[in-house]
Amino acid sequence: MLGDVAALAKSSVPLLRAYRGGVEPALRERVMVAVSRANACQGCTRVHERWALRSGVTDDELRAIGLADLAALDEHSRAAVVYATERAERRFRAPPSPEVEQVARNHLSPAALEQVDAVARAMALANLSLNTLSAMIAASGRSRRDHPVFARVWELIASRAVAAQDRAELLAGLHGDVIEVGAGTGENFGHYPPAVRLVVAVEPEPRLQRRARQATAHASVPISVVDATAEAIPAADASYDAAVACLVLCSVPAQPVALGELRRVLRPGGELRFYEHVVAHHGCVATLQRALDDSGLWPRVGAGCHLSRDTARAIEEAGFAIEQCRRFLSGPVPHIAGVARRLA
Ligand SMILES: C[S@@+](CC[C@H](N)C(=O)[O-])C[C@H]1O[C@@H](n2cnc3c(N)ncnc32)[C@H](O)[C@@H]1O
């Protein structure tokens with residue numbers, strides 16, 4: 001890998017040129033998708049397929065690259081893709097076959113070919129890094145619920161991730177029986193108002209579950225922590241007056257299922273209080289959020305967290321009417337906080 005980094009450093013000038021008015025963006029993205037596919041890197045393939053479509057590459061062309069049936073590509077792109085794929089398959093250690101190199105030279109200028117080579121090399125290194133990280137995580141044999149590293153980090157940052165005042169505001173005015181999903185360390189527990197009769201707090205992660213059980217001692221209302229997920233809440237239909245979701249709808253693997261469960265266990269007219277980070281409306285932030293999700297890297301590091309979910313829309317689609325919704329930035333990341341009511 002060190003050798004690959006050194007080789008990439010040597011081709012940094014043509015790589016920069018490829019992004020600064022050199023080879024056209026669509027050609028660059030076709031090459032990147034082809035190399036990522038050759039290296040079986042699903043995260044990079046997903047990200048670059050999306051970027052390729054934005055650069056003017058067609059669905060038919062992406063399908064053709066996926067099937068390695070390149071007739072749908074123009075000659076110029078076909079030559080670049082075949083050249084880059086063969087370079088990647090030979091791990092950039094051996095030159096491509098003379099025929100492939102000749103066809104590439106017939107269709108691309110020496111400068112363009114040098115840039116295609118640099119782009120393919122950079123992509124291959126990104127593929128190798130992501131594939132290695134995925135393999136390490138898979139080899140750690142962790143269960144889907146067990147996120148020991150994330151749990152330790154969350155223990156350290158939970159009190160700062162949401163200000164105490166925002167937690168109090170989220171829960172103000174609640175009464176009766178409340179279900180909270182993804183309770184984490186139980187940071188909300190001290191903020192439940194006295195009119196709440198009982199809180200059932202769902203938390204699947206073992207370490208956080210233990211912390212949440214300890215936190216019940218500091219609450220002024222009765223709280224029971226249960227080992228379950230938001231997608232399968234162990235409760236009867238219409239059995240709660242209110243539900244709370246605080247920075248969890250980003251992490252649940254199946255958001256519509258979790259929201260369907262929250263709706264099921266709430267009585268008609270019951271409230272869902274939410275505080276979540278969401279996708280930006282426009283621009284570079286949304287693009288970056290989608291890229292981080294599509295790469296698979298962010299969800300792995302963040303124990304299933306997704307940055308690009310449109311949670312307000314998902315809440316409405318699940319059968320709630322949003323009555324209050326404050327949208328605000330925390331750092332560069334948009335958040336929503338508010339109240340939705342279960343429609344009858
Ligand atoms: C970012 S933490 C937020 C914790 C807490 N709500 C807070 O505000 O401090 C996300 C929490 O959701 C939990 N979680 C992840 N997937 C879940 C699921 N499917 N059902 C319920 N909780 C889940 C995690 O274990 C973690 O405790």
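Colleague: How many residues of domain 1 are in contact with how many of domain 2?

Modeller: Please keep in mind that this is a predicted model, where local features need pLDDT of at least 70 and side-chain atom pairs count only at pLDDT 80 or more, while totals for chains, interfaces and linings use all residues. Residue numbers start from 1 along each chain as its sequence is written. Contact here asks that the C-beta atoms of two residues, placed from the backbone, lie within 7 Å. On that basis, the residues of domain 1 and domain 2 in contact are 8 and 7.

Colleague: Which helix gives the largest share of the side of domain 1 that touches domain 2?

Modeller: Domain 1 covers 2–139 and domain 2 covers 148–342, with bounds from an automatic or database domain assignment. Two helices, α4 (42–54) and α8 (110–139), each supply at least two residues of that side of domain 1; helices (H or I, at least four residues) and strands (E, at least two) are DSSP runs, numbered from the N terminus. The largest share, 5 residues, comes from α4.

Colleague: And how do the residues on that side of domain 1 divide by class?

Modeller: Ala, Val, Leu, Ile, Met, Phe, Trp, Tyr, Cys and Pro count as nonpolar, Asp, Glu, Lys and Arg as charged, and the others, Gly among them, as polar. For the side of domain 1 that touches domain 2, this gives 2 polar, 2 charged and 4 nonpolar residues.

Colleague: Which strands stand at the edges of the open sheet?

Modeller: The sheet is mixed, and its 7 strands follow the order β3-β2-β1-β4-β5-β7-β6. Two strands pair if DSSP finds at least two bridges between them. An edge strand has a single partner strand, so one side is left without a neighbour in the sheet, and this holds for β3 (223–226) and β6 (320–330).

Colleague: What is the bridge partner of I179 in β2?

Modeller: Let's look at β1 (residues 176–181) and β2 (residues 196–202), which run parallel and are joined by 6 bridges. Within β2, I179 has as its bridge partner V200.

Colleague: At what angle do α3 and α6 pack?

Modeller: Axes are lines fitted to C-alpha atoms, for helices over the stretch in contact, and angles run from 0 to 180 degrees between N-to-C directions. The axes of α3 (residues 25–38) and α6 (residues 75–89) are 9 Å apart, and the two helices pack at an angle of about 35°.
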